[in-house]
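User: I'm new to this one, so please walk me through it.

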Amino acid sequence: MTITRADELQQTPFGLGALGGATHDVTNQPPHPAPYDASDDVALLEGVRREGAGWAEEDLRRLGRLAGSEEAQEWADQANRHEPELRTHDRYGHRVDEVDFHPSWHHLMRTAVAEGLAGSPWADDRPGAHVARTAGGLVWGHTDAGHGCPTSMTYAAIPALRKQPELAKIYEPLLTSREYDPGLRVPTQKRGLLAGMGMTEKQGGSDVRTNTTAATPTAEPGVYTLRGHKWFTSAPMCDVFLVLAQAPGGLSCFLVPRVLPDGTRNTFRIQRLKEKLGNRSNASSEPEFDGTVAWLVGPEGQGVKTIIEMVNCTRLDCVMMSAALMRKTLVEAGHHARHRSAFGARLVDQPLMRNVLADLALESEAATTLTLRLAGAADRAVRGDAGEAAFRRIATAVGKYWVTKRGPAFTAEALECLGGNGYVEDSGMPRHYREAPLLSIWEGSGNVNALDVLRALGRDAATAQALFDELSLTRGADARLDAAVAGLKDQLAEGSQVTARRLVERMALTLQASLLVRHAPAAVADAFCATRLGGDWGHAFGTLPAGAGLDAILERALPGRE
Ligand SMILES: Cc1cc2nc3c(=O)[nH]c(=O)nc-3n(C[C@H](O)[C@H](O)[C@H](O)COP(=O)(O)OP(=O)(O)OC[C@H]3O[C@@H](n4cnc5c(N)ncnc54)[C@H](O)[C@@H]3O)c2cc1C
């Protein structure tokens with residue numbers, strides 16, 4: 001037998017592959033998806049114009065290109081691979097309670113704040129400013145969800161802080177700044193501030209009435225000291241926190257700065273950072289307060305009423321972030337299916353894969369459209385529209401319940417479109433999948449949101465009226481939708497806790513269907529009504545009936561991507 005040079009090399013301990021990869025050619029693997037334009041989403045752009053923020057389109061397109069750039073996608077990946085680290089003490093033993101983040105986190109934060117995704121809409125009088133921010137979140141959400149936590153809390157803190165105008169006067173200009181100025185320093189000496197929130201304690205999160213952190217008044221009016229703990233407080237490097245604690249007059253809301261006006265550190269002992277399923281770029285901490293200086297926000301005993309202003313905003317952001325995750329993972333799934341062949345055809349041309357992608361596209365468009373409708377309601381409510389305020393009150397809780405519930409199932413299905421690659425970290429899909437359940441846990445878990453809808457219905461007849469006014473706009477347009485609205489009216493009468501999820505799910509689907517009937521092409525609206533309003537729906541994605549207009553749905557969601 002003649003021994004060739006190649007055979008000799010194969011017999012080396014490393015083999016030929018290690019020297020040159022000549023064992024095989026890499027084929028039938030998709031190219032890297034970046035760069036792409038994350039704002040390239042017709043449902044998003046139409047919604048932005050409809051809800052009054054068409055003026056923001058150019059910025060949105062620029063942000064979309066940045067979000068889909070290799071650089072920003074790399075920031076997201078790196079910020080999640082290199083998790084934040086807690087430093088409780090300095091080298092000499094002094095407590096510092098600081099958290100160090102990877103430079104990629106700071107790039108993400110700087111961009112988000114500069115692009116107006118934190119507090120800046122509150123300083124922008126243009127109608128549609130809040131819609132523009134939500135749309136920016138939908139687009140920038142194609143990067144990393146973790147840093148969306150402090151930007152969301154900063155945005156949301158402002159309406160609650162306004163309950164104490166003298167504090168708002170000092171802090172609002174800094175919370176609405178577009179400058180990201182990290183590091184613990186005297187807040188008023190910084191160029192921009194970030195806000196967090198501390199509600200949840202060990203013995204109760206949803207039921208904050210069980211909070212045990214005590215607030216003791218000092219001799220100075222409005223100033224208290226806190227003693228107690230929080231079980232979850234995310235983004236502990238924020239400058240200020242809205243915290244709930246028990247004052248003599250009952251559960252109250254307080255502003256807690258990490259650094260006091262005289263430059264000393266306020267007591268904010270971080271016991272641990274949570275080791276979380278996802279949301280790894282973000283730090284979530286367990287702080288303890290002991291003699292911690294705090295300023296009362298709103299009246300004593302009105303803590304929940306005060307902080308609910310914040311929660312209303314963060315709930316919308318949970319819907320927005322779920323919709324962003326859906327769109328991001330749909331784009332990834334579409335990209336893979338276009339570039340991968342199996343059994344003699346590209347996956348995107350395989351009829352059953354087309355069904356899966358079209359079904360995901362329907363869900364994604366319904367989520368995006370509802371998100372923007374909620375943002376439009378928030379924007380108009382802020383400007384004094386009472387009808388929109390009533391609609392926002394109920395529809396945000398409905399949307400938070402349903403869209404965030406669909407997130408985990410959606411991201412799992414999109415992940416599966418990539419086959420084994422989707423289960424591997426390199427693809428980014430496991431990160432998106434791990435992020436999804438969080439959005440239905442924080443800011444009111446599923447049951448809590450469903451029960452909140454019942455509460456809103458019971459307390460204020462205007463909320464149900466606002467929902468049905470909205471639904472009446474499509475009366476007569478689609479028989480299935482008309483029947484669903486009539487069914488909803490019957491179901492409302494029940495109002496029982498045990499069936500609250502059934503009711504809220506119906507409300508969400510009816511509202512989404514109505515929005516799509518009004519605003520989406522017939523193929524999208526028709527397939528949604530056919531499959532989501534009872535009738536002909538399988539339980540997994542990819543179960544649209546034959547003749548459901550798959551081509552039109554896919555062409556709208558993922559046009560001409562070769
Ligand atoms: C990563 C992460 C970050 C977080 N960051 C923060 C933060 O920055 N600040 C902060 O304050 N909190 C934060 N939280 C806490 C979060 O808001 C709470 O975990 C959440 O509100 C649920 O509260 P809980 O954990 O106490 O659960 P519980 O309130 O005990 O609820 C457990 C389950 O019971 C259900 N339930 C509750 N009440 C009822 C009822 N009446 N009927 C039926 N079912 C019910 C809930 O829906 C849930 O499914 C964070 C949580 C996570 C996971």
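User: Where does P35 lie?
Analyst: This is a predicted model: local features need pLDDT of at least 70, side-chain atom pairs count only at pLDDT 80 or more, and totals for chains, interfaces and linings use all residues. Numbering starts from 1 along each chain as its sequence is written, and side-chain values use heavy atoms, with hydrogens and water left out. Helices here are DSSP runs of H or I with at least four residues, strands are runs of E with at least two, and both are numbered from the N terminus. On that numbering, P35 sits in the loop between α2 (15-20) and α3 (42-50).

User: Which peptide bond is cis?
Analyst: Look at the bond that leads into P35 in that loop. Its omega is near 0°, and the cis bond is the one from A34 to P35.

User: What is the phi of D97?
Analyst: D97 belongs to strand β2 (residues 95-100). Though D97 isn't a glycine, its phi is positive, at about 50°.

User: How are α5 and α6 oriented to each other?
Analyst: The axes of α5 (residues 70-81) and α6 (residues 103-114) come within 8 Å and cross at roughly 125°. (Axes are lines fitted to C-alpha atoms over the stretch in contact, and angles between N-to-C directions run from 0 to 180 degrees.) Under 35 degrees counts as roughly parallel, over 145 as roughly antiparallel, 65 to 115 as roughly perpendicular and the rest as oblique. α5 and α6 are therefore oblique.

User: Which residues of α6 meet α5?
Analyst: Contact just means heavy atoms within 4.5 Å. From α5 come A72, W75, A76, Q78 and A79, and their partners in α6 are S104, W105, H107, L108 and T111.

User: How are α12 and α18 oriented to each other?
Analyst: Helix α12 (residues 386-417) packs with helix α18 (residues 500-519), and their axes are 9 Å apart. The angle is about 100°, so α12 and α18 are roughly perpendicular.

User: How many charged residues does the contact of α12 with α18 have?
Analyst: On the α12 side, F391, I394 and K405 are among the residues involved, and they meet α18 residues including R501, V504 and E505. Asp, Glu, Lys and Arg count as charged; Ala, Val, Leu, Ile, Met, Phe, Trp, Tyr, Cys and Pro as nonpolar; and the others, Gly among them, as polar. The split is 12 nonpolar, 1 polar and, for charged, 3.

User: At what angle do α11 and α18 pack?
Analyst: Helix α11 (residues 351-382) and α18 have axes 9 Å apart. α11 is roughly perpendicular to α18, with a packing angle of about 90°.

User: How far is the nitrogen atom of the ligand from a polar backbone atom of M197?
Analyst: The ligand is surrounded by 20 residues (each with a heavy atom within 4 Å), and M199, T200, G205, S206 and S234 are the closest. An oxygen atom of the ligand is 2.7 Å from a backbone N or O atom of M199, and S234 also has a backbone N or O atom 2.7 Å from a ligand oxygen. For M197, the distance to a ligand nitrogen is 2.9 Å.

Note on methods
A polar contact is a pair of N or O atoms within 3.5 Å; within protein, one must be able to donate a hydrogen and the other to accept it, and residues adjacent in sequence count only if both atoms are side-chain atoms.
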